Amino acid sequence: MKTLVDHLSQYAAYHRDSRNVATHFVGIPMIVLAVTALLARPQIPLGGAAVLTPAIVVYVLSCLFYLRLSAGFGIAMTLILALFVYVGHLIGGLSTAAWLAIGIGLFVLGWVIQFVGHYYEGRKPAFVDDLVGLLIGPLFLVAETAFALGLARETRERMEAHAH
C-alpha cells in the first residue's frame, strides 16, 4: 500500500507550476463542495434530526483512507470535510432546481478551473493515471497549506525528494 509520501509525491509531480497549484486551491474546494452537495440526497432518516446520505458514506470512507495515511493529516481532513458535508447538506435542502444548479455549476466550474491550471502545467491531471488522485487532491492542498505554515517539514522534504 502506498504511504502518505508516496501519494503526495506522485501528485506533486503533476503539479510543479505555481499557477496550476493556485488554480487547484480554487477548483478543488469547488469540486468537493459540489460532490458533497450532489450526494446530500437522498436522505435516509435515522431518527430525530439524524439522516444518512451518500455524502456521509463517502465522507466516512474518505476519512478512513486519510487516517490510514496519517493521523495528523487524517484529522485535519476529517474536520475540513465535515464542514464541506455540512454545507453540502444545506445546499441539498434547497429546492431541486437550486440544489442541482449549485451542485452542477460548482462541479463544472471547478473542473474548468482545474483544466486551466493543467494547461499552464502542460501536463494532464494526476487522476488520469491513477483515480486515487481524486482523493489526493484535497489532501495535497491541506499538505501544501501545512508546509506553507512551516508544519510537517519532514513530510515536505520526503515528498519533494520523491517528486523530482
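Begin by selecting Asp17, which is buried, with a relative accessible area of 17%. The model on display is a predicted one, and each stop below names the residues to pick next.

**Stop 1: the salt bridges**

Keep Asp17 selected and add Arg19: the two side chains meet in a salt bridge, with an N to O distance of 2.9 Å. Because a residue counts as buried under 20% relative accessible area and as exposed over 50%, the two partners fall into separate classes: Asp17 is buried at 17%, whereas Arg19 is partly exposed at 44%.

How many salt bridges are there by this rule? The count comes to three.

For another of them, select Glu160 and Arg16, whose side chains meet at 3.1 Å, N to O. This pair links distant parts of the chain, with the two positions 144 residues apart in the numbering. Glu160 belongs to helix H7 (residues 153–163), while Arg16 sits in the loop between helix H1 (4–13) and H2. Glu160 has a relative accessible area of 24% and is therefore partly exposed; Arg16, at 38%, is also classed as partly exposed.

Stay on helix H7 and select Arg158 and Glu154, which form a salt bridge of 3.9 Å, N to O. Both residues lie in helix H7, four residues apart, or about one turn of the helix. Arg158 is partly exposed, with 39% relative accessibility, and Glu154 is exposed, with a relative accessible area of 54%.

**Stop 2: the loop before helix H7**

Step back along the chain to Ala152, in the loop between H6 and H7. Display the backbone here: phi of Ala152 is near 50°, a positive value in a residue other than glycine. Ala152 is partly exposed, with a relative accessible area of 29%.

**Stop 3: the largest pocket**

Rolling a probe the size of a water molecule over the atoms shows where empty space is left.

Select Ile31, Val32, Leu134, Leu135 and Pro138, the residues that lie nearest the centre of the largest pocket. The space in this pocket is about 540 Å³, and its lining consists of 29 residues. Which helices each supply at least two residues of this lining? They are helix H2 (18–38), helix H3 (54–69), helix H4 (71–92), H5 and helix H6 (133–148). Colour H2 separately, as the largest share of the lining, six residues, comes from this helix. By class, the lining of the largest pocket holds 21 nonpolar and eight polar residues, and no charged ones.

**Stop 4: the second largest pocket**

Now select Phe25, Ile28, Pro29, Val32, Met77, Ile80, Leu81, Phe84, Pro138, Leu141, Val142 and Thr145, which line the second largest pocket. H2, H4 and H6 are the elements that give two or more residues to this lining. About 160 Å³ of space lies in the second largest pocket. Its lining comprises 11 nonpolar residues and one polar residue, with no charged residue. Val32 and Pro138 may be kept highlighted from the previous stop, where both were listed among the residues nearest the centre of the largest pocket.

**Stop 5: helix H5 and its nonpolar patch**

Switch to a surface view and select Leu100, Ile104, Phe107, Val108, Leu109, Val112, Val116, Tyr119 and Tyr120, which make a nonpolar surface patch of about 820 Å². Centre the view on Val108, in helix H5 (residues 96–121). Val108 is partly exposed, with a relative accessible area of 46%.

Next, select Leu106, also in helix H5. Is Leu106 buried or exposed? Leu106 is buried, with a relative accessible area of 19%. For orientation, draw a C-alpha to C-alpha distance from Leu106 to Pro138: the two are 16 Å apart in space and 32 residues apart in sequence.

**Stop 6: two further loops**

Move to Gly93, in the loop between H4 and H5. Gly93 is exposed, with a relative accessible area of 61%. From Gly93 to Pro54 the C-alpha to C-alpha distance is 14 Å, with the pair 39 residues apart in sequence.

Finish at Pro42, in the loop between H2 and strand E1 (44–47). Show the backbone of Arg41 together with Pro42: the peptide bond from Arg41 to Pro42 is cis, with omega near 0°.

Note on methods
Residues numbered from 1 in each chain as written. Predicted model: local features only at pLDDT ≥ 70, side-chain atom pairs only at ≥ 80, totals over all residues. Heavy atoms only, no water. Patch = residues over 30% accessible without salt bridge, like charges linked within 9 Å, V, L, I, M, F, W, Y side chains within 5 Å. Areas by Shrake-Rupley, 256 points an atom, 1.4 Å probe, with all protein chains shown as cover. Salt bridge = Lys/Arg side-chain N within 4 Å of Asp/Glu carboxyl O. Buried < 20%, exposed > 50% of the residue type's maximum accessible area, 1.4 Å probe, protein only. 1 Å grid on protein atoms, 1.4 Å probe; cavity = no way out; pocket = protein on both sides within 12 Å on 5 of 7 lines; lining within 4 Å. Points joined across faces, edges and corners; volume = space filled by probe spheres on them. Nonpolar A, V, L, I, M, F, W, Y, C, P; charged D, E, K, R; others polar.
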